[in-house]
Amino acid sequence: MSVPELRQRGWSPAMVRDLLGAPDRTRTNPIFRSGAPMALYRLPRVEDAETGEGFASRAEQASRRAAAARRNADRRLEGSPA
């Protein structure tokens with residue numbers, strides 16, 4: 001699984017770093033060849049981390065923070081002159 005796929009499953013970059021650590025494999029970035037390599041994680045390892053201790057509470061915290069950031073961004077857009 002790539003990091004964007006993990007993000008769709010509710011992972012934050014900090015959760016990937018803390019709960020998964022180093023990727024199982026890296027590949028050349030298919031969109032930007034000169035860009036950073038893609039980090040790939042094995043699905044069984046991801047699923048184990050998702051059922052492990054701490055994932056659910058961290059995912060909930062990340063979700064709350066993202067929602068708060070969206071609300072704040074919306075408020076700023078509403079208040080800015082067009």
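**Close-up 1. The side chain of Asn-29 reaches the backbone of Phe-32.** A polar atom of the Asn-29 side chain sits 3.1 Å from the backbone nitrogen of Phe-32. Please keep in mind while browsing these views that the model is predicted. The Asn-29 side chain also has a polar atom 2.9 Å from the backbone nitrogen of Ile-31. To find the spot, look in the loop between β1 (25–27) and β2 (38–40), where Asn-29 is placed. Is Asn-29 buried or exposed? With a relative accessibility of 16%, Asn-29 counts as buried, because the cut-off for buried is under 20%. Once neighbours within four places in sequence are set aside, the residues in contact with Asn-29 are Ala-36, Pro-37 and Met-38.

**Close-up 2. Ile-31 is an exposed residue of the loop between β1 and β2**. Here we stay in the loop between β1 and β2, which holds Ile-31. The relative accessible area of Ile-31 is 66%, so this residue is exposed, the cut-off being over 50%. As in the previous view, the backbone nitrogen of Ile-31 lies 2.9 Å from a polar atom of the Asn-29 side chain. For a sense of scale, try Thr-51: Ile-31 and Thr-51 are separated by 20 residues in sequence, and their C-alpha atoms are 32 Å apart in space.

**Close-up 3. Helices α2 and α4 pack against each other**. Two helices that pack together are described by the angle between their axes and by the distance between those axes. Helix α2 covers residues 13–20 and helix α4 covers residues 55–79; their axes are 10 Å apart and make an angle of about 165°. The helices α2 and α4 are therefore roughly antiparallel, since the cut-off for that description is over 145 degrees. Their crossing is right-handed. Which residues meet here? From α2 come Ala-14, Met-15, Asp-18 and Leu-19, and from α4 come Phe-55, Arg-58, Ala-59 and Ala-62. Sorted by class, this contact has 6 nonpolar and 2 charged residues, with no polar ones.

**Close-up 4. Met-15 is a buried residue of helix α2**. Now zoom in on one residue of α2, Met-15. Its relative accessible area is 1%, so Met-15 is buried. What does Met-15 touch, not counting residues up to four places away in sequence? The list is Gly-10, Leu-20, Phe-55, Arg-58, Ala-59 and Ala-62. Phe-55, Arg-58, Ala-59 and Ala-62 are also the residues of α4 that take part in the meeting with α2. Thr-28 makes a handy reference point: Met-15 and Thr-28 are 13 residues apart in sequence, with 23 Å between their C-alpha atoms.

**Close-up 5. The side chain of Glu-50 makes polar contacts with Arg-9 and Trp-11**. Glu-50 has its place in helix α3, residues 43–51. Which side chains does it meet in polar contacts? One is the side chain of Arg-9, at 2.6 Å, and another is the side chain of Trp-11, at 2.9 Å. Leaving out neighbours within four places in sequence, Glu-50 is in contact with Arg-9, Trp-11 and Phe-55. Phe-55 may be familiar from the previous view, where Met-15 touches it.

**Close-up 6. Arg-76 is an exposed residue of helix α4**. Our last stop is Arg-76, in helix α4. Its relative accessibility is 59%, so Arg-76 counts as exposed. How far apart are the C-alpha atoms of Arg-76 and Ser-34? These two residues are 42 residues apart along the chain, and their C-alpha atoms are separated by 36 Å.

Notes: Residues are numbered from 1 along each chain as its sequence is written. This is a predicted model: local features need pLDDT of at least 70, side-chain atom pairs count only at pLDDT 80 or more; totals for chains, interfaces and linings use all residues. Side-chain values use heavy atoms; hydrogens and water are left out. Axes are lines fitted to C-alpha atoms, for helices over the stretch in contact, and angles run from 0 to 180 degrees between N-to-C directions. Helices (H or I, at least four residues) and strands (E, at least two) are DSSP runs, numbered from the N terminus. Angles under 35 degrees count as roughly parallel, over 145 as roughly antiparallel, 65 to 115 as roughly perpendicular and the rest as oblique. A crossing is left-handed if the near helix is turned anticlockwise from the far one by less than a right angle, and right-handed if clockwise. Contact means heavy atoms within 4.5 Å. Ala, Val, Leu, Ile, Met, Phe, Trp, Tyr, Cys and Pro count as nonpolar, Asp, Glu, Lys and Arg as charged, and the others, Gly among them, as polar. A polar contact is a pair of N or O atoms within 3.5 Å; within protein, one must be able to donate a hydrogen and the other to accept it, and residues adjacent in sequence count only if both atoms are side-chain atoms. Buried means under 20% relative accessible area, exposed over 50%, partly exposed in between (1.4 Å probe, protein chains only).
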